[in-house]
Amino acid sequence: MNGLRKSDSPIVPEKSPNKGGQNAAPPAEGMEGRGLAKGNSGEQTRARAQDRQALQQALDRVREAATRDKRLKFTTLWHHVYDMDRLREAYLGLKRNAAPGVDQVTWRSYGRNLEENLKGLSERLKRGAYRAKPVKRAYISKPDGRQRPLGVTVLEDKIVQRATVEVLNAVYETDFLGFSYGFRPGRSQHMALDALAVGIRQRGVNWVLDADIRGFFDAIDHEWLTRFIGHRIRDRRVHRHVKKWLNAGVLEDGKRTRQDEGTPQGASISPLLANIYLHYVFDLWARQWRRRRARGEIVIVRWADDFIVGFQEKSDAERFLKELRERFAKFNLELHPDKTRLIPFGRKTDDDWRNGRGGKPGTFDFLGFTHSCDRTRNGRFIVLRQTIKKRMRAKLKEIKLWLRKHLHAPIPWVGAKLRQVAQGHLQYFAVPRNGPALRAFLRGLGWLWFRSLRRRSQKTRLTWYRMRRLLWKYLPRERILHPYPEQRFAVMTRGRSPVR
C-alpha cells in the first residue's frame, strides 16, 4: 500500500529514471551521475537484457539440479553471488530513497562510481575480504501503540544480501511447501488469503488455530539456523557470510551490541532465513503431522511467522496445539499467549449457531483482514473478509498528522498525495464484500481533508458542497478490484492445491 512519509513535501522532484524494482525491469536510463556505461541507451538496454538472461540461465541450472535431487548439497554457489552483473542487478533493485546505514552511504552516492564500487565489492567477496557492518537500529510504531524494532543495513550489505537471496532462492524454492507464502517470489498476500478462504470452505473446517510466534525474528537460534542451511548448502563461503550478517551486531545510540540470537528485521536476507528456519521447524513437521496423526481434514496457510491452521475435528486441533508448543520449545520459539487462539469457525459451526444449536462462530485477523463467517443472499456459506478496524483507524490517524504538517501546501499537490494513498488502500483492501469498510475509509479521508482545509483560514468559505467537488476530482471511487477467492485460486493452482 502507498503511504504518506514525513519527507513528502510540495517541491519539484529531480529527474528520475524509468521505473524499476524487484519485479520489474531495471531502468533503461540511469539518473544523472550514476556512473553507468556511456553509449546508446538502446544498446545499454539490450546488453542489460542479455546479462539478465545469462544470469537467469545460470540459476536455472542450479534450480534443475535442486529439483532432480532433494538430497543434493551444493558446494559451489558463492561465485554466482559476486558476479558483477548480479551485483549490479541487486543494486538496481534496491529502493532509491531508503535510509542509509551506519556508513551514511546512499543509493545515489554509491551510484556515482557504480562500476568501480561494484568491482571493488566483487573482489572483496571473491578473496574473502568483505566485512559486514553493524545494523543501525530504528523503530516504527505499531497499530497497538508499541514500537517495532527494525534494522537498517548499509548499502553494500543490502547489495550482497539481495544477490545471495536470489541465488539461494534457486535452491530453496524447490523445497519450500505450498502452504508457505510469505516473502517468496511469485507469491503474494492475496494468494495466501485466497488459499485460506477456499480451504476453509472446501475442506470442512470447523475449528481454526490463529497462531503468532512471539518475537520470532529476535528468537531465531543461530546454531540451529546454520544446521538447517547445511542440509542443502555446503559452500563454506555462503555459511561464512551468513554468520557475518548474523553476528554483525546492532548500533543503537552510538553503542554496538552483539546478538547471539535473531536476525534483524529489515535486512534483505532476513525473510529468507526466517523461511528456512520455519521450513524445518514448522512446515515439514506440520505436513508430517497432517499425514500421520490427523483424523480429519487440515488446512495450513503460513505468512512468515503468522499462520492459520484449520481443523475438521476439535480433537485434532487440541493435540496439534499441544504438540506444536513442545515442538517450538526445542528450537527456542514460543507461541504468543495473547495472539494464539483456538476458535470455532466454519460452515457447520455457522449452521449450528443459526439454528440455535451452538455458540456464535469466532473471528480472527490475518494479513490485514478480519475473517468471519457469513452467508450470501442465496444462503451459501462464505468467509467474509473486512479491513481490520484498528488498522484503518491507525491509517487515518497517520493521514491526519500528515495533513496537519502540510496545512498550507497547495491543494493540487495534497490532492495528488491523498489520491496515491487512497489508491494504494483500494489496491489491497478492495476484496469482494468489503465495500462498507472501503466507503468508511474514503469518507474518513475526505472528512479529514475537509477539516484541514477549513483550518487554513478563519474566514474560510469552504462548504461541504464545494468540498465534494474536490473529492470527486482527486479521490478515487470505492470499487471492488479483486475477484472472489475461488475464481483466482482456480486460475492460480489449475487443480493443484498450495494449501496441501
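This report covers model confidence, a strand and its partners, the nonpolar cores, and one buried leucine.

## Model confidence

This is a predicted model. Its mean pLDDT is 87. Of its residues, 87% reach 70 or more.

One stretch calls for care. Over residues 9-41, pLDDT stays under 50. The model has 56 contacts beyond four places in sequence for these residues.

## Strand E7 and its partners

Strand E7 spans residues 306-311. Five of its six residues are buried, so the rest of the structure largely encloses the strand.

E7 pairs with E3 and with E6. Strand E3 covers residues 207-212. It runs antiparallel to E7, and six bridges join the two. Strand E6 covers residues 298-303. E6 and E7 are also antiparallel, again with six bridges between them.

Phe307 of E7 appears in both pairings. Toward E3, Phe307 is the bridge partner of Ala211. Toward E6, Phe307 stands opposite Arg302.

E6 and E7 form a hairpin. Two residues lie between the strands. In this turn, Ala304 has a positive phi of about 55 degrees.

## Nonpolar cores

The largest nonpolar core has 79 residues. Ile159, Phe282 and Phe320 have the most contacts inside this core. Helix H11, residues 270-292, gives the most to the core, with 12 residues. A second, separate core has 32 residues. Among them are Leu193, Val205, Trp303 and Leu426. In soluble globular proteins, nonpolar side chains tend to be buried together.

What surrounds Ile159? Setting aside neighbours within four places in sequence, Ile159 is in contact with Leu87, Ala90, Tyr91 and Leu94. Its contacts also include Tyr110, Leu118 and Leu121.

## Leu273 in helix H11

Leu273 sits in helix H11. Is Leu273 buried or exposed? Its relative accessibility is 2%, and buried means under 20%, so Leu273 counts as buried.

Which residues does Leu273 touch? Not counting residues up to four places away in sequence, Leu273 touches Leu225, Ile229, Val242, Leu246 and Thr263. Phe228 offers a spacing to check in the model. Leu273 and Phe228 are 45 residues apart along the chain. Their C-alpha atoms are separated by 9.7 Å.

Definitions and conventions. Residues numbered from 1 in each chain as written. Predicted model: local features only at pLDDT ≥ 70, side-chain atom pairs only at ≥ 80, totals over all residues. Heavy atoms only, no water. Buried < 20%, exposed > 50% of the residue type's maximum accessible area, 1.4 Å probe, protein only. Helix = DSSP H or I, 4+ residues; strand = E, 2+ residues; numbered from the N terminus. Pairing = 2+ DSSP bridges. Core = buried A, V, L, I, M, F, W, Y, C linked by side-chain atoms within 4.5 Å. Contact = heavy atoms within 4.5 Å. pLDDT = per-residue confidence, 0-100.
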